[in-house]
Amino acid sequence: MEGLLGRSQFLGEAVNLFTDEKTANARSKVVEWLNEVPNAESGIKCDLLVKVQEMILGSCVELLEEFMEHILSLAHDANADVRKQVVCFIEQICKVKVESLPQVIGIISMLLRDRSPQVIKRVIQACGSIYKNGLQWICGKSEILDSAEQAWNVLSLVKAQILDLIDNENDGIRTNAIKFLEGVVVLQSYPDEDSQKKDNDFSLQDVPANFKLVKRQKLEEEALNIFDILLKFHAATHISSVNLITCTGSLCTIAKLRPSLMGPVVEAFKQLNSNLPPTLTDSQASSVRKSLKMQLIALLKNRGSFEYHATIRHMLLDLGASQGEIQRAIPKMDKQEQTRRQKRILESAASNLNKKMRLDSINRQQERRSKSGLDDDSTKDTEMEVDEEEVEKQRQRCIRVNEKFLAEQLRVTDVAVNLVVEFLSKLPEEAPEHFINEYAPIQDMSIPQQVVKIAKVLGEQMTERKIGPGAAAFSKDTPMRPRRAEAMDICESDQPVDEDQARKDEATKKLRENMERVKGEQELIERMKMRAKTLKLQEVTKPFSRPIKEKFLLEAVKRILQSERQCIVGGVSAKRRKILTVMAATFPDKSIACCKVSPVTLM
């Protein structure tokens with residue numbers, strides 16, 4: 001036993017000696033490479049930094065603290081390639097040793113304001129993995145130190161900086177910003193049963209519920225705001241083809257990973273299919289439609305798109321997809337699964353309506369209480385009246401739910417046949433007058449379009465009678481509002497300041513500014529410089545007809561024949577004689593007719 005213990009102790013000492021020798025050799029090589037960096041050319045500098053990165057992060061991570069400051073100082077190098085290599089080094093640091101995030105995140109924030117667009121694009125690309133690894137690291141800490149809190153604040157600032165770059169003049173910077181925002185939306189939202197799973201996936205459900213530094217609700221609201229910004233950017237008329245294709249792919253990825261957001265994405269694709277940006281050329285429009293077709297097929301393969309199969313199918317047919325291609329993309333489901341999903345869709349729509357109604361009623365009550373608390377005397381003289389705007393909103397919500405329910409049911413063959421058989425015997429012998437006056441024949445409409453039209457008419461009739469699943473949209477009591485509402489301006493200094501609310505407002509200030517920036521086409525055009533469109537000769541010209549060509553050629557020949565005096569004065573008479581000789585030899589039949597126009601002396 002003593003021999004074994006002595007042997008193990010000897011082996012441990014040998015391993016320590018080997019490790020120390022390995023670290024010493026690595027340190028000497030790193031020192032040698034870093035000493036060569038200041039006097040080397042830009043290409044050699046990048047090669048040396050790659051060697052340093054492979055040596056430290058690949059085999060001797062313990063040397064990172066010793067040489068990190070020296071390597072990060074190269075972020076101020078005059079050469080852009082060197083600064084890009086420093087960004088790559090920081091990205092690998094956050095993958096290998098994310099605990100060093102507080103020391104490197106400041107450099108990332110600084111390089112986002114670099115003068116070189118290539119460096120900014122590389123920083124945005126690196127920020128995708130840096131933000132994910134940083135959020136995982138912070139959420140996994142039991143105790144939040146000041147360094148971690150400061151790193152999270154800078155990371156949030158970086159996120160706001162990249163969000164602001166979506167309006168940058170550079171097309172590539174906008175493209176990379178869109179891809180980064182796609183990752184933020186996926187990270188800061190909840191998955192569901194239809195979400196596509198990825199290795200090492202992270203979402204809001206991995207964030208601790210009562211975490212002090214990172215709030216689930218705040219991150220979710222931020223993600224939804226960014227998602228709205230992407231939708232508005234996607235619908236802008238000034239967008240370039242590269243940005244449009246990238247944004248389409250990002251929205252498709254978000255919909256596949258977060259099927260709860262698939263509805264707005266399908267609606268955005270529908271608007272794009274019907275209204276392509278007018279600034280696109282024919283080739284660009286063809287590329288956009290091809291990309292849209294691929295993304296729609298990818299959405300169709302996701303089980304979460306079951307609710308939108310009819311809409312996606314109609315768009316794919318419009319984009320040139322075959323029925324067989326569409327049918328192969330639809331995932332197979334048994335009847336029980338389809339029934340369960342249809343039932344869940346209706347329950348979800350009804351619950352969302354009820355929840356929205358409750359929130360609206362709570363907000364109205366709070367507004368009334370606040371007004372009554374501000375001035376009790378004014379409420380005594382206030383009379384109530386029916387809130388027509390709220391009534392109309394409830395009516396429109398009811399119509400939408402009823403239309404959706406009817407469209408789903410009318411697509412089932414058995415339901416349509418039973419309806420016809422049930423009510424065929426109840427039809428009057430003569431058509432009513434209002435039917436004759438209001439009836440409009442159906443012309444050139446497909447079966448899905450006829451189903452939508454019938455569902456719309458029946459939905460409006462059901463809404464008037466307050467029946468169907470959409471009836472839940474109507475409140476039990478008629479919405480009321482004060483008849484005389486006096487606008488009262490209360491200074492913020494007279495009210496107690498809510499520190500938590502002020503902090504939230506300050507944290508979301510960048511998001512609100514960007515949302516305002518993308519409102520409306522005019523505001524977007526004012527903030528972004530329109531790039532000059534490269535004109536192609538084939539697009540801006542068209543060939544002349546044969547009579548016009550012959551007319552121009554004959555006039556050119558006449559001008560040559562009648563320019564003898566001008567050629568003598570200009571000293572080019574020899575060249576003129578040569579041109580006439582070539583013409584006479586090439587067209588002998590017409591040379592006599594040309595000479596009759598103007599006698600020419602060739603000798």
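A residue is called exposed when its relative accessible area is over 50%, buried when that area is under 20%, and partly exposed in between. These words are used throughout the legends below, which describe close-up views of a predicted model.

**View 1. Lys466 and Gly468 occupy the loop between helix H20 and strand E2**. With a relative accessible area of 53%, Lys466 lies over the 50% limit and therefore counts as exposed. Lys466 is not a glycine, yet its phi is positive, at about 60°. Gly468 belongs to the loop that runs between helix H20 (447-465) and strand E2 (480-482). The relative accessible area of Gly468 is 36%, and this residue is partly exposed. Once neighbours within four places in sequence are set aside, Gly468 is in contact with Asn402 and Met462. Gly468 and Leu406 are 62 residues apart in sequence, while their C-alpha atoms are 9.3 Å apart in space.

**View 2. A salt bridge joins Arg395 and Glu464**. The side chains of these two residues meet with an N to O distance of 3.3 Å. Arg395 lies in helix H17 (residues 388-410) and Glu464 in helix H20, so the pair, 69 residues apart, links distant parts of the chain. How accessible are the two partners, Arg395 and Glu464? Arg395 is partly exposed, at a relative accessible area of 25%, whereas Glu464 is exposed, at 56%.

**View 3. Glu408 and Arg411 form a salt bridge**. Their side chains meet at 3.8 Å, taken from N to O. Glu408 has a relative accessible area of 25% and is partly exposed. Arg411 also counts as partly exposed, with a relative accessibility of 40%. The structure holds 14 salt bridges.

**View 4. Glu91, Lys95 and Arg122 are linked in a network of salt bridges**. Within this network, the side chains of Glu91 and Arg122 meet at 2.9 Å, N to O. Glu91 is in helix H4 (residues 80-96) and Arg122 is in helix H6 (residues 117-139); the two residues are 31 residues apart, and the pair links distant parts of the chain. Are Glu91 and Arg122 buried or exposed? Glu91 has a relative accessible area of 11%, which is under 20%, and therefore counts as buried. Arg122, at 18%, is buried as well.

**View 5. Helix H2 carries a series of buried residues**. Helix H2 (residues 42-58) contains 17 residues. From its first C-alpha to its last it reaches 23 Å, close to the 24 Å expected at 1.5 Å a residue. Among the buried residues of H2 are Lys45, Cys46, Leu48, Leu49, Val52 and Gln53. Met55, Ile56 and Leu57 are buried too. An α-helix has 3.6 residues a turn, so residues three or four places apart point the same way.

**View 6. Helix H10 is mostly covered**. Of the 17 residues in this helix, 15 are buried. How far apart are the end C-alpha atoms of helix H10 (residues 241-257)? They are 24 Å apart, which agrees with the 24 Å that 17 residues should span at 1.5 Å a residue.

**View 7. Ser147 of helix H7 is shown with Gln103**. Helix H7 comprises residues 146-164. The relative accessible area of Ser147 is 35%, and the residue is partly exposed. Ser147 and Gln103 are 44 residues apart along the chain, and their C-alpha atoms are separated by 8.8 Å.

**View 8. Val420, Leu424 and Leu427 make a nonpolar surface patch**. The patch has an area of about 310 Å². One of its members, Leu427, is found in the loop between helix H18 (413-424) and helix H19 (433-438). Leu427 is exposed, with a relative accessible area of 56%.

**View 9. Predicted confidence varies among the elements of the chain**. The protein chain averages a pLDDT of 78, and 75% of the residues score at least 70. Which elements have the lowest and the highest mean pLDDT? The lowest mean, 45, belongs to helix H23 (residues 521-527), and the highest, 93, to helix H8 (residues 171-187). Over residues 517-533 the pLDDT is below 50, and this stretch has 26 contacts in the model beyond near neighbours in sequence. The pLDDT also stays under 50 over residues 374-381, where the model has 6 contacts beyond four places in sequence.

Conventions
Residues numbered from 1 in each chain as written. Predicted model: local features only at pLDDT ≥ 70, side-chain atom pairs only at ≥ 80, totals over all residues. Heavy atoms only, no water. Patch = residues over 30% accessible without salt bridge, like charges linked within 9 Å, V, L, I, M, F, W, Y side chains within 5 Å. Areas by Shrake-Rupley, 256 points an atom, 1.4 Å probe, with all protein chains shown as cover. Salt bridge = Lys/Arg side-chain N within 4 Å of Asp/Glu carboxyl O. Helix = DSSP H or I, 4+ residues; strand = E, 2+ residues; numbered from the N terminus. Buried < 20%, exposed > 50% of the residue type's maximum accessible area, 1.4 Å probe, protein only. Contact = heavy atoms within 4.5 Å. pLDDT = per-residue confidence, 0-100. Expected span 1.5 Å × (residues − 1).
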